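Work through the exercises below with the model open. Try each task before you read its solution.

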Amino acid sequence: MTTTLHLGESGEQARIIPDEHDDGWVLEIGGAIQSHVDLADPTRIRYEYLRRMANVLDAFRPAGRPVGVLHLGAGALTLPRYVQSRRPGSAQTVVDLDRELPSFVLAALPLPEGTDLTVLIGDARASLTALPQRFDAVVLDIYTGLDAAEHLTGRRFYAELLDSLTADGVLLVNIGDDAGHHFLGQQAAALESACAEAGLSGTWTLADATLLDQAQAGNIVLAAGGGQGTDDPEALRATLLGAGPHPAAVLDPAQTAALVARSG
């Protein structure tokens, strides 16, 4: 079964098609695969950067405790499915610019039973300012890169995201970058500046170790917030390293600062 939809906002064609490698499904937008979903096992996450985000969401609160999560960017709702499976009863909100996409995904790929998910349509930053509550976790997973929407990057936006967290919350940012990691360096520095202004300990970096060592093109996760300000950073680092995927790199704030310096 393949389902197709024309997205009015982006003008792209979206398709949900069977995955050629397993029993899961993939969301394809504009000919590029965006998300993977396993309806039989929502805890199985194929894409490495999402798996690393999920590891942080597993580690920042006791196992099974419900949390409030804001997802900026819907995709196929892979992480909301994961959070519901690992932390039943969590209240989640998703924001996406394409009005048709969430309902299209939900019709073809239903959420796990009991999922509490509010869907909002709109710009990520504008929607953030309209939300009255604070969240235990905020996940920013929208298009990034040197030509990304400027208002959805940079110190001021990250400061707003950090301000939307509870005191022990965590912000997760997906950075997709070209070889050389110049955009990563810019955004990590901006997030570090926002953390300093908010009195937070700094920015963590999670990625494939080879990707970081060789400054290859790919996805890198930045994590910040009171939930990452642990009294035992080495224990947290060991937990996240052990969770993979391997080869894994987990940089604490001091190591991230050194990475920013190297990225220019």
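Buried means under 20% relative accessible area, exposed means over 50%, and partly exposed lies in between (1.4 Å probe, protein chains only). The model is predicted: local features need pLDDT of at least 70, side-chain atom pairs count only at pLDDT 80 or more, and totals for chains, interfaces and linings use all residues. Residues are numbered from 1 along each chain as its sequence is written, and side-chain values use heavy atoms, with hydrogens and water left out.

**Exercise 1. Backbone outliers**

Task: Find what phi L77 has, and state whether L77 is buried or exposed.

Solution.
- Step 1. Read the torsion. Phi of L77 is near 65°, a positive value in a residue other than glycine.
- Step 2. Place the residue. L77 sits in the loop between β5 and α2 (78-86). Helices (H or I, at least four residues) and strands (E, at least two) are DSSP runs, numbered from the N terminus.
- Step 3. Check accessibility. L77 has 1% relative accessibility, so L77 counts as buried.
- Step 4. Repeat for H181. H181 is not a glycine, yet its phi is positive, about 60°. The loop between β9 (165-177) and α6 holds H181. H181 is buried, at 1% relative accessibility.

**Exercise 2. Cis peptide bonds**

Task: Inspect the loop between α8 (233-243) and β12 (248-251). Which omega does the bond joining G244 and P245 have?

Solution.
- Step 1. Take G244 and P245. Their peptide bond is cis, with omega about -10°. P245 belongs to the loop between α8 and β12.
- Step 2. Move on to H246 and P247. This bond is cis too, with omega near 5°. P247 is also in the loop between α8 and β12.

**Exercise 3. Salt bridges**

Task: Count the salt bridges, then describe where the partners of R52, R61 and R134 lie.

Solution.
- Step 1. Set the rule. A salt bridge is a side-chain nitrogen of Lys or Arg within 4 Å of a carboxyl oxygen of Asp or Glu. By this rule there are 13 salt bridges.
- Step 2. Start with R52 and E48. Their side chains form a salt bridge at 3.3 Å, N to O. The two are four residues apart in helix α1 (residues 48-59), so about one helical turn separates them. R52 is buried, with a relative accessible area of 3%. E48 is partly exposed at 36% relative accessibility.
- Step 3. Turn to D136 and R61. Their salt bridge spans 3.3 Å, N to O. D136 is in strand β8 (residues 135-140), and R61 is in the loop between α1 and β5 (68-72), so the pair ties together parts that are 75 residues apart in sequence. D136 and R61 are both buried.
- Step 4. Add D163 and R134. Here the N to O distance is 3.6 Å. D163 lies in helix α5 (residues 155-163) and R134 in the loop between α4 (124-130) and β8, so this pair ties together parts that are 29 residues apart in sequence.
- Step 5. Look for a network. Salt bridges link D19, D22, D38, R44 and R46.

**Exercise 4. Strand β8**

Task: Which strands pair with β8, and in what sense?

Solution.
- Step 1. Apply the criterion. Two strands pair if DSSP finds at least two bridges between them.
- Step 2. Test β5. Four bridges join β5 to β8, and the strands run parallel. L70 stands opposite V138 in β8.
- Step 3. Test β9. β8 and β9 are parallel as well, over five bridges. A137 has V170 in β9 as its bridge partner.
- Step 4. Check burial. Six of the six residues of β8 are buried, so β8 is largely enclosed by the rest of the structure.

**Exercise 5. Nonpolar cores**

Task: Which residues touch the most other members of the largest nonpolar core?

Solution.
- Step 1. Define the set. A nonpolar core consists of buried Ala, Val, Leu, Ile, Met, Phe, Trp, Tyr and Cys residues joined through side-chain atoms within 4.5 Å.
- Step 2. Rank the members. The largest core has 36 residues, and Y158 and L161 touch the most other members. Helix α6 (residues 182-198) gives the most to this core, with seven residues.
- Step 3. List contacts (heavy atoms within 4.5 Å). Beyond four places in sequence, Y158 contacts residues including L140, V173, I175 and L191.
- Step 4. Find the other core. Apart from the largest lies a core of 24 residues, among them V69, L206, V221 and L240.
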